[in-house]
Amino acid sequence: MHKLVAVNTTKITNNEIEFIIEENEPTEALEAAGQMLTDSDKKAFVYLLDTGTDYIYVQFPIHTWPAMTNALEMKNVPLLKWGKQIMPLSEFHEELLMLVDNIEGNDNYGEEFRTAVEQTFHEALASRSY
């Protein structure tokens, strides 16, 4: 079974965004896996962290989405802070944009989740280039 943790707070300073987990940090070293999924039932995006033997699922609940849109606008790679561990979330922009683009107009994710994503990420959807 994979461990699931949630981002509790966000911090924006000097063109940098930190997503903060306020739980006891794991003892193993973590590495950003560069992969993002969705949990439409919980209205969350989920970023994978690799422990070397398993994955930890970091949930980005709906209250963190405004900071996620800021991260897309700033272009800097956001950081995840979990206790003393601070790591850049590699592929964050690419993965998030791919998911948001796929969710737009797609009720396979559930109408409520799709609508929330479209409303929150409308600027990212409007500014994409093909």
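In the predicted model, the largest nonpolar core comprises 35 residues, and those with the most contacts inside it are Phe19, Phe45, Phe60 and Met68. In soluble globular proteins, nonpolar side chains tend to be buried together. The surroundings of Phe60 illustrate how parts of the chain meet: when neighbours within four places in sequence are left aside, Phe60 is in contact with Val7, Phe19, Lys43, Ala44, Phe45, Tyr47, Trp65, Met68, Leu89 and Phe92. Among these partners are Phe19, Phe45 and Met68, which are themselves listed with Phe60 as the core residues with the most contacts.

Two of the partners of Phe60, namely Met68 and Phe92, also take part in the packing of helix 1 against helix 2. These two helices pack at an angle of about 120°, with their axes 10 Å apart, and are therefore oblique to each other; their crossing is left-handed. The contact is made on one side by Met68, Ala71 and Leu72 of helix 1, and on the other by Phe92, His93, Leu96 and Leu97 of helix 2.

Within helix 1, Ala71 is buried, with a relative accessible area of 1%. Apart from neighbours within four places in sequence, Ala71 is in contact with Ile17, Asn76, Pro78, Phe92 and His93, and of these Phe92 and His93 belong to the helix 2 side of the packing described above. Tyr55, by comparison, is 16 residues from Ala71 along the chain, and the C-alpha atoms of the two residues are separated by 23 Å. Thr69, which also lies in helix 1, has a relative accessible area of 15% and is likewise buried, the cut-off for a buried residue being under 20%. Leaving aside neighbours within four places in sequence, Thr69 is in contact with Thr120 and Phe121, and Thr120 is the last residue of helix 3, which spans residues 111–120.

Helix 3 has a buried side and an exposed face. Phe113, Arg114, Ala116 and Val117 are buried in this helix, and because they cover an arc of only 165° around the axis, they are placed on the same side of helix 3. The face turned away from this buried side carries the exposed residues Glu111, Glu112 and Gln119. What covers the buried residues of helix 3 includes strand 4 (31–39) and strand 5 (44–50), together with helix 1 (65–74), helix 2 (92–103) and helix 4 (122–127). Helix 1 and helix 2, which pack against each other, thus also contribute to the cover over the buried residues of helix 3.

Key. Residues numbered from 1 in each chain as written. Predicted model: local features only at pLDDT ≥ 70, side-chain atom pairs only at ≥ 80, totals over all residues. Heavy atoms only, no water. Core = buried A, V, L, I, M, F, W, Y, C linked by side-chain atoms within 4.5 Å. Buried < 20%, exposed > 50% of the residue type's maximum accessible area, 1.4 Å probe, protein only. Contact = heavy atoms within 4.5 Å. Helix = DSSP H or I, 4+ residues; strand = E, 2+ residues; numbered from the N terminus. Arc of directions from axis to C-beta. Axes fitted to C-alpha atoms, helices over the stretch in contact; angles between N-to-C directions. Parallel < 35°, antiparallel > 145°, perpendicular 65-115°, else oblique. Left-handed = near helix turned anticlockwise from the far one by under 90°.
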